[in-house]
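Reader: I'd like to walk through this one together, question by question. Can we start with the charged side chains and then go on to how the helices pack?

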Amino acid sequence: ARPLVAAAARLRGAEALLAWGAAEPARFAEAAEQAERFLAEHADNREVPRAQMVRARALLLAGKPTEAAAAYREVFAK
């Protein structure tokens, strides 16, 4: 797939996992992982702030408040 399509799919996957976490909390960790992969693979994409927010929220809901706080600070520092 083209890089733009792959980036959109990765981000939508992370968002879907985040929503799925409402029913199955184990999905929050997966959502954070997918958002991290998006950020690693598509660092110049315009959706980076959105992916950072998904990652931070997923970390918070996965029970990792320290990591989530750092992720939120990274977003809001920009």
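Reader: Which residues are linked in a network of salt bridges?

Author: Keep in mind that this is a predicted model. Glutamate 41 pairs with arginine 10, their closest N and O atoms being 3.6 Å apart, and arginine 37 forms a salt bridge with glutamate 41 too, at 3.5 Å. Put together, the network is made of Arg10, Arg37 and Glu41.

Reader: How many residues apart are glutamate 41 and arginine 10?

Author: Glutamate 41 sits in helix 2 and arginine 10 in helix 1. This salt bridge therefore links distant parts of the chain, by the count along the sequence. The separation is 31 residues.

Reader: And what about arginine 37 and glutamate 41, what separates them along helix 2?

Author: Both belong to helix 2, and they are 4 residues apart. Because of that spacing, arginine 37 and glutamate 41 are separated by about one helical turn.

Reader: Is arginine 10 buried or exposed?

Author: The cut-off for buried is under 20% relative accessible area. Arginine 10 has 19% relative accessibility, so it falls on the buried side. Its salt-bridge partner glutamate 41 is partly exposed at 44%, and arginine 37 is partly exposed at 39%. For arginine 10, then, the class is buried.

Reader: Leaving aside neighbours within four places in sequence, which residues is arginine 10 in contact with?

Author: Arginine 10 is found in helix 1. Glutamate 41, its partner in the salt bridge, lies in helix 2 and is one of the contacts. The full set is Gln34, Arg37, Phe38 and Glu41.

Reader: Zooming out a bit, how many salt bridges does a search of the whole structure find?

Author: Side chains of opposite charge can pair when their charged atoms come close. One such pair is glutamate 47 with arginine 50, at 3.3 Å from N to O. Glutamate 47 is partly exposed at 21%, and arginine 50 is partly exposed at 32%. Over the whole structure the search finds 7 salt bridges.

Reader: On to packing. Is helix 1 roughly parallel or antiparallel to helix 2?

Author: Two packed helices are described by the angle between their axes and the distance between the axes. Helix 1 (residues 3–20) and helix 2 (residues 27–41) pack at about 160°, with their axes 8 Å apart. Angles over 145 degrees count as roughly antiparallel, so helix 1 and helix 2 are roughly antiparallel.

Reader: How many nonpolar residues are in the contact of helix 1 with helix 2?

Author: Helix 1 brings Ala7, Arg10, Leu11, Ala14, Leu17, Leu18 and Trp20, and helix 2 brings residues including Phe28, Ala31, Ala35 and Phe38. Sorted by class, the contact has 5 charged residues and 1 polar one. The nonpolar count is 10.

Reader: How does helix 1 pack against helix 3, roughly parallel or antiparallel?

Author: Helix 1 and helix 3 (residues 48–61) pack at an angle of about 30°, with axes 10 Å apart. Helix 1 passes helix 3 in a left-handed crossing. Since angles under 35 degrees count that way, the pair is therefore roughly parallel.

Reader: Which residues in helix 3 does helix 1 meet?

Author: From helix 1, Leu11, Ala14, Glu15 and Leu18 take part. The contact divides into 7 nonpolar, no polar and 3 charged residues. On the helix 3 side, the residues are Arg50, Ala51, Val54, Arg57, Ala58 and Leu61.

Reader: What is the C-alpha separation of alanine 58 and alanine 32?

Author: Alanine 58 lies in helix 3 and is buried, with a relative accessible area of 0%. Not counting residues up to four places away in sequence, alanine 58 touches Leu18, Phe28, Ala31 and Ala32. Alanine 58 and alanine 32 are 26 residues apart along the chain, yet their C-alpha atoms are separated by 5.2 Å.

Reader: Last one: what is the handedness of the crossing of helix 3 and helix 4?

Author: The axes of helix 3 and helix 4 (residues 65–77) come within 8 Å and cross at roughly 160°, so these two helices are roughly antiparallel. Their contact has 10 nonpolar, 1 polar and 4 charged residues, with Met53, Leu59, Tyr72 and Phe76 among them. The crossing is left-handed.

Technical notes
Residues numbered from 1 in each chain as written. Predicted model: local features only at pLDDT ≥ 70, side-chain atom pairs only at ≥ 80, totals over all residues. Heavy atoms only, no water. Axes fitted to C-alpha atoms, helices over the stretch in contact; angles between N-to-C directions. Parallel < 35°, antiparallel > 145°, perpendicular 65-115°, else oblique. Left-handed = near helix turned anticlockwise from the far one by under 90°. Contact = heavy atoms within 4.5 Å. Nonpolar A, V, L, I, M, F, W, Y, C, P; charged D, E, K, R; others polar. Salt bridge = Lys/Arg side-chain N within 4 Å of Asp/Glu carboxyl O. Buried < 20%, exposed > 50% of the residue type's maximum accessible area, 1.4 Å probe, protein only.
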